[in-house]
Amino acid sequence: MDGRADAMLAELKRAGLKLTPQRMAIVRELAGDETHPTAQDLFERLRPAFPTMSFATVYNTLDALATHGLLRSIRLGTAVRFDPNTSSHHHAVCDACGVIVDLPADPPPARAHGFRVRTEERTYRGLCSRCC
Ligand SMILES: [Zn+2]
Ligand SMILES: [Zn+2]
């Protein structure tokens with residue numbers, strides 16, 4: 001996980017953002033997190049360690065990483081969630097407990113009906129292994 005966190009930090013630096021202790025903590029928290037947290041989730045988790053950190057700091061850091069392709073932002077319902085797994089994959093959402101699971105996906109076709117495909121996102125809904 002450290003390789004991923006280090007790549008994200010290097011990219012933030014290249015983007016001109018100072019690597020403050022808060023930003024580094026946000027990146028390290030997210031890099032190893034496969035639960036697809038929202039900015040609010042990360043904010044609440046880090047607030048005990050950084051009581052003066054603002055929500056905007058968390059959101060802007062995530063936004064900069066997403067802009068540079070270092071994390072995926074996925075919109076599920078009304079919430080935007082962040083995913084450090086940038087390889088091509090789909091998501092399965094449990095209707096009962098809300099857990100989001102990564103599912104492997106074949107690479108999308110390079111072109112479809114004259115449209116140059118960049119990524120493919122698919123969401124499956126159902127019940128996870130603990131709820132069914
Ligand atoms: Zn479930
Ligand atoms: Zn994912």
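## Two zinc sites and a small sheet

Cys94 sits across from Gly126 in β7. That pairing is a handy way into this predicted model, since Cys94 also turns up among the donors of the zinc ion (ligand 1). A second zinc ion (ligand 2) has a His and Asp donor set, and His36, one of its donors, gets its own section below.

**Zinc ion (ligand 1)**

- Four cysteines do the work here: Cys94, Cys97, Cys128 and Cys131 each offer SG to the zinc ion (ligand 1), at 2.3 to 2.4 Å.
- The geometry comes out as tetrahedral, with the 4 donor atoms making angles of 105 to 113°.
- Read along the chain, the donors of this zinc ion (ligand 1) give the spacing C-x2-C-x30-C-x2-C.
- Distant parts of the chain are linked by the pair Cys94 and Cys128, which are 34 residues apart: Cys94 is in strand β3 (residues 89–94), while Cys128 is in the segment after β7 (123–126).
- Is Cys94 buried or exposed? With a relative accessible area of 3%, Cys94 falls under the 20% cut-off, so it counts as buried.
- Cys128 is buried too, at 13% relative accessibility.

**Zinc ion (ligand 2)**

- The zinc ion (ligand 2) is held by His36, His89 and His91 through NE2, and by Asp83 and Asp102 through OD, at 1.9 to 2.2 Å.
- Along the sequence, these donor residues follow H-x46-D-x5-H-x1-H-x10-D.
- Here as well a donor pair links distant parts of the chain: His89 belongs to strand β3 and Asp102 to strand β4 (residues 100–104), 13 residues apart.
- His89 is buried, at 3% relative accessibility.
- Asp102, by contrast, is partly exposed, at 24% relative accessibility.

**A closer look at His36**

- Where does His36 sit? Look in the loop between α2 (21–31) and α3 (39–46).
- His36 has a relative accessible area of 0%, so it counts as buried.
- The backbone of His36 is worth a glance: phi is near 55°, a positive value in a residue other than glycine. As background, most residues other than glycine have a negative phi.
- Which side chains make polar contacts with that of His36? His91 does so at 3.1 Å, and Asp102 at 2.8 Å. Both of these partners are also donors of the zinc ion (ligand 2).
- Leaving aside residues up to four places away in sequence, His36 touches Ile74, Arg81, Phe82, Asp83, His89, His91, Ile100 and Asp102.

**The three-stranded sheet**

- An open sheet of 3 strands runs in the order β4-β3-β7, and its pairing is mixed.
- β4 and β7 are the edge strands; each has a single partner strand, so each has one side without a neighbour in the sheet.
- On average, and ignoring direction, neighbouring strands of this sheet are turned by 30° against each other.
- β3 and β7 pair in the parallel sense, over 4 bridges. The Cys94 and Gly126 match-up from the opening belongs to this topic, with Gly126 in β7.
- The sheet brings the zinc sites back into view: β3 carries Cys94 as well as His89, and β4 carries Asp102.

**The β1–β2 hairpin**

- β1 runs antiparallel to strand β2 (residues 79–83), and 5 bridges join the two.
- The two strands make a hairpin with 2 residues between them, and Gly77 in the turn has a positive phi of about 65°.
- Which residue in β2 is the bridge partner of Arg72? That partner is Asp83, one of the donors of the zinc ion (ligand 2).
- Strand β1 (residues 72–76) has two unlike faces: Arg72, Ile74 and Leu76 are on the covered one, and Ser73 and Arg75 on the uncovered one. In a regular strand, side chains alternate between the two faces of the sheet.
- Ile74, from the covered face, is also among the contacts of His36.

**Out around β5 and β6**

- His113 lies in the loop between β5 (111–112) and β6 (115–116).
- Like His36, His113 has a positive phi near 55° in a residue other than glycine.
- How accessible is His113, buried or exposed? At a relative accessible area of 90%, His113 is exposed.
- Arg111, in strand β5, is exposed as well, at 55% relative accessibility.
- Arg111 and Ala92 are 19 residues apart along the chain, and 25 Å separates their C-alpha atoms.

Key: Residues numbered from 1 in each chain as written. Chains lettered and ligands numbered in written order. Predicted model: local features only at pLDDT ≥ 70, side-chain atom pairs only at ≥ 80, totals over all residues. Heavy atoms only, no water. Donors = N, O, S within 2.8 Å, 3.2 Å for Na, K, Ca; no water. Tetrahedral: all angles 85-135°; square planar, octahedral: opposite > 155°, others 65-115°. Buried < 20%, exposed > 50% of the residue type's maximum accessible area, 1.4 Å probe, protein only. Polar contact = N/O pair within 3.5 Å; in protein donor to acceptor, adjacent residues only side chain to side chain. Contact = heavy atoms within 4.5 Å. Pairing = 2+ DSSP bridges. Axes fitted to C-alpha atoms, helices over the stretch in contact; angles between N-to-C directions.
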